[in-house]
Amino acid sequence: MTGICTGRVAAVTGAGRGLGRAHALALAAEGAAVVVNDLGVTADGAGASGGPAQQVVEEIRAHGGQAVAHTGDITTDDGARSLVTTALDTFGRLDALVNNAGFLRDRMLVNLAEEDWDAVMRVHLKGHFLPLKHAAAHWRAEAKAGRMPDARVINTSSGAGLLGSVGQGNYSAAKAGILGLTLVAAAELGRYGIQVNALAPAARTRMTEQTFADTMAAPTDGDFDAMAPENVSPLVVWLASADSAGVTGRVFEAEGGRITVMEGWRPGPTADKGARWTPSEAGETTRKLLTESEPARPVYGA
C-alpha cells in the first residue's frame, strides 16, 4: 500500500469500533502499519474481549495492509508501555500515536457516583497521559541518540470538553483536561521532533448514537452521511503523516465535511483600576465588561 503514511507506524487506542476503527482503517489505507489497541469493553467500560481489535486487524490485512492487535489496558503503566513496545517489536518503529479510547457513564452531577467520575477520568484522561508518556519517552531517547523523530500525537477531545455538556460532567471535565494536556505536551516535546494536536470530533459511535439519537441517525435516502465516523479520519491521517510538519499545539473540530480550527481562550474586554477594587466596584465593572463581550455559548443539552 502507498499513501501519505507509507513507511510509518501508528498506534490507535480504542480502535476496535467507531472512530478508532475508522482511523485505523484509514491509516492503513494510506500505507501505515497499525497497532490496533482495544480492550473490547461495553459502552460503559464493562467486560473485555480481544475480538474487536483482532477483527480490525483482519480487515486491514484483508486489504493488503499491516496490523497487529494490542489488548492491553492503556490506563495502566504496564499496558501503555506495552503499546509502544508492541509497535517496536512488531514493526521496528513508532511514528504516530492516536489516543482515542473512551466510554461514557452519564449522570447529572447530583447523581454522579464517585466511581463513575473516577472511571471516566481514568479511561479518557489517564488513558491519554500514559500512552503519550511512554511514546514520548521513546521518541526523546531516539532524539538524544541522534535519530530525530518525525513523530505525531493526535489526542481526542470533544465538543463537551470545549463547551460542556449537560449530564456529562465527568466526560466534559476529562475532555477539557485532554486539551490542557495537549498544549503542555506540544510545548514540552517539540524539541524532540514530536508534534501534538487535539481533535474534537462529531460522529456516530456507541457513545453518541443513544445520547444524541436524532442528530446521529444515518440518512435513509442515500444522502451524505455527515455523522459517519469515517468523515473524521482523513484529518487524523494527515495529522499523523509527515505532511503535517509544523502543525502542533492546535485543536480542531471535525464533523461531516467540515474542519474548524478552534481558537480557544483569549483575552476579551478588560479594565484595570491600578489599585484594589471594592466588591461593589468589581461587580459594577464586571457587569460593564460582560456587556462588551461576546455572549457565552450554551452547553450541549441546555
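Which strands does helix α1 lie across? Hold that thought while I set the scene.

This is a predicted model, so local features need pLDDT of at least 70, side-chain atom pairs count only at pLDDT 80 or more, and totals for chains, interfaces and linings use all residues. Residues are numbered from 1 along each chain as its sequence is written, and side-chain values use heavy atoms, with hydrogens and water left out.

Okay, the sheet. Helices (H or I, at least four residues) and strands (E, at least two) are DSSP runs, numbered from the N terminus. Eight strands make an open, mixed sheet, ordered β3-β2-β1-β4-β5-β6-β7-β8. Two strands pair if DSSP finds at least two bridges between them. At the edges you'll see β3 (67-70) and β8 (258-262), each with a single partner strand, so one side of each has no neighbour in the sheet.

Now the middle: β4 (residues 96-99) and β5 run parallel, joined by four bridges. Asn-99 has Asn-155 as its bridge partner in β5.

Val-153 sits in β5 too (residues 151-156). Is Val-153 buried or exposed? Buried, with a relative accessible area of 0%; the cut-offs are under 20% for buried, over 50% for exposed, partly exposed in between, using a 1.4 Å probe and protein chains only. Val-153 touches residues including Leu-97, Trp-139 and Ile-194, where contact means heavy atoms within 4.5 Å.

Back to my opener: helix α1 (residues 18-29) lies across β1 (9-12), β2 (33-37), β4 and β6 (194-202), at about 170° to β1. Axes are lines fitted to C-alpha atoms, for helices over the stretch in contact, and angles run from 0 to 180 degrees between N-to-C directions.

How values were computed: Lists of a residue's contacts leave out its neighbours within four places in sequence.
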